[in-house]
Amino acid sequence: MTLQMELPTADDYPTRKAPEPALLYRRDPVVWPGVAEGPFTAEELDGYDRRGYTQVESIVNPVEIEAYRAELRRLSADPVLRADERVVVEPSSDQVRSVFEVHRVSQVFHDLVNDPRLVDRARQILGSDVYVHQSRVNYKPGFGGGSFYWHSDFETWHAEDGMPRMRAVSFSVALTDNYTHNGALMIMPGSHRTFVSCVGRTPDDHHRSSLKSQHVGTPDQASLNLIADRHGIDVLTGSAGDVTVFDSNCMHGSGGNITPYPRSNVFVVFNSVDNVCAKPFSANQARPEFLAARDTTPAGR
C-alpha cells in the first residue's frame with residue numbers, strides 16, 4: 001500500500017504567516033513572453049511594465065456604454081439577483097456595491113468579457129491564453145459610494161484563492177466619467193514590483209465580511225508610507241468607455257464618493273491558463289467559485 005501525501009507548494013510570496021509585515025521583491029515578469037503581437041504597441045507595453053498600469057481611451061463606444069448602463073440598472077433592480085450571494089451591498093446603506101460573476105448572470109457582460117479588445121490585450125501581457133478569474137460590476141453611486149482601502153489584489157488571490165504567480169491582469173472598463181472627486185481609482189505607480197506581506201491569520205469564510213470591509217490582508221501603514229514616498233500616487237481619471245489595465249500586484253484603492261456624480265465600472269480579472277489556482281497559501285479553504293473561478297476555459301475562444 002502506497003502512502004500518498006500532499007506536498008507543500010513552495011511559496012515565494014508568504015503573507016499572513018508572520019507577526020511582522022515585510023516588503024519582498026517581485027519574482028515574476030510584468031510582461032510575460034509568449035505572445036509576440038497584439039493591440040498594444042511596444043511603447044505601451046514598456047509603460048505598463050514600468051508603471052504597472054496603462055490606460056486605453058475609448059475602447060468602448062457610446063452606444064455600447066449606454067447598453068452596459070441599461071444592463072447595470074436592470075441587474076441592480078432584479079429582486080431575485082438581489083438575494084444572491086454574488087451581490088454585495090454597501091455596509092452603510094442598502095445600495096448595491098458590486099455584482100460578482102457578472103459574465104455568468106448577464107449575456108451582455110459575457111460578451112464584453114470575451115471581447116477581443118480585452119482578451120487580446122490580456123494575452124499579450126500574460127504571454128498565453130487567459131481565462132476569467134473574476135468578473136464584477138462596481139457601483140459607486142453619488143452621495144454615498146463607499147471607499148476601497150489600499151490593497152494588492154494578488155495578496156488576496158494568492159492567500160485565499162491559491163494563485164501561485166503574479167501572472168494576472170485586471171481590466172476596469174469605465175461606464176461613467178472618472179473625476180478626481182468622485183472616487184476615482186488611485187494607484188502607486190511602480191508598486192507592482194514590491195510584494196507587501198500582510199499580518200493576521202485568515203478567518204474561515206473571510207469573504208463574507210471582507211467584500212464589505214476588509215481588515216485582514218490589508219497593508220500596514222508603515223509599508224504604505226514607504227511605497228507612497230518612493231512611487232507617489234496617480235489618480236486615474238478618464239471618460240466613459242476608457243479602460244484601465246493594471247497588474248495584479250499594484251497597490252491601489254479609491255476614496256468614497258460624496259459628489260452627485262456616480263462612478264461605475266466593469267471589472268475583469270484575466271489569469272494565465274498556465275497559472276491556475278491550487279490550494280490557498282494562507283487560508284483553510286478556497287473562496288467560492290464566484291470570486292475565484294475554477295473553470296479555466298480560455299476566454300474569447
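**View 1. Strand E5 at the second largest pocket.** With four residues, strand E5 (130–138) gives the most to the lining of this pocket. The model is predicted: local features need pLDDT of at least 70 and side-chain atom pairs count only at pLDDT 80 or more, while totals for chains, interfaces and linings use all residues. Residues are numbered from 1 along each chain as its sequence is written, and side-chain values use heavy atoms, leaving out hydrogens and water. The second largest pocket holds about 240 Å³ of space (the space filled by probe spheres set on grid points joined across faces, edges and corners). Of its 17 lining residues, those closest to the centre are His103, Arg104, Val132, Asp295 and Thr297. Besides E5, helix H4 (102–105) and helix H5 (107–113) each give two or more residues to this lining. Helices (H or I, at least four residues) and strands (E, at least two) are DSSP runs numbered from the N terminus. By class, six lining residues are nonpolar, seven polar and four charged (Ala, Val, Leu, Ile, Met, Phe, Trp, Tyr, Cys and Pro are nonpolar; Asp, Glu, Lys and Arg charged; the others, Gly among them, polar). On a 1 Å grid over the protein atoms alone, a pocket is an open set with protein on both sides within 12 Å along at least five of seven lines, a cavity is a set of points where a 1.4 Å probe fits but cannot get out, and lining residues have an atom within 4 Å of a point.

**View 2. The cavity lined by E7 and E11.** A search of the whole structure turns up one cavity of 30 Å³ or more. The largest cavity encloses about 120 Å³ of space. Fourteen residues line this cavity, and closest to its centre are Ser172, Ala174, Asn178, Leu236 and Thr244. Strands E7 and E11 are the elements that give two or more residues to the lining. Four of the lining residues are nonpolar, eight are polar and two are charged.

**View 3. The seven-stranded sheet and helix H1.** Here seven strands make an open antiparallel sheet, ordered E2-E11-E7-E13-E5-E4-E3 (strands pair if DSSP finds at least two bridges between them). Strand E2 (53–56) and strand E3 (87–89) are the edges, each pairing on one side only. From one strand to the next, the twist averages 20°. Helix H1 (residues 42–51) packs on this sheet, where it touches E2, strand E7 (168–174) and strand E11 (243–247), and its direction makes about 140° with that of E2. Axes are lines fitted to C-alpha atoms, for helices over the stretch in contact, with angles from 0 to 180 degrees between N-to-C directions. At the E3 edge, three antiparallel bridges link E3 and strand E4 (residues 96–100), and Val88 stands opposite Ser98 in E4.

**View 4. The four-stranded sheet and helix H7.** The strand order in this open, antiparallel sheet is E6-E12-E8-E10. Its edge strands are E6 (148–152) and E10 (234–236), each with pairing on one side only. On average, neighbouring strands are turned by 25° against each other, direction ignored. Three bridges join E6 to the antiparallel strand E12 (residues 251–254), and Ser152 faces Met251 of E12. Helix H7 (residues 153–161) packs on the sheet, touching E6 and E12, at about 65° to the direction of E6.

**View 5. Ala184, just ahead of E8.** Ala184 belongs to the loop between E7 and strand E8 (185–187). Ala184 is buried, with a relative accessible area of 5% (buried is under 20%, exposed over 50% and partly exposed in between, with a 1.4 Å probe and protein chains only). Leaving aside neighbours within four places in sequence, its contacts (heavy atoms within 4.5 Å) are Asn178, Tyr179, Val235, Leu236, Gly253, Ser254, Gly255 and Arg263. Although Ala184 and Gly255 are 71 residues apart along the chain, their C-alpha atoms are separated by 7.1 Å.

**View 6. Strand E9 beside E1.** Four bridges join strand E1 (residues 22–25) to E9, and the two run antiparallel. Leu24 has Phe195 as its bridge partner in E9. Along strand E9 (residues 194–197), Thr194 and Val196 point one way, Phe195 and Ser197 point the other way, and all are buried.

**View 7. Two residues with positive phi.** Most residues other than glycine have a negative phi. Arg16, in the segment before E1, has a positive phi of about 60° and is buried, at 2% relative accessible area. Ser58, in the loop between E2 and helix H2 (62–77), has a phi near 50° and counts as exposed at 58% relative accessibility.
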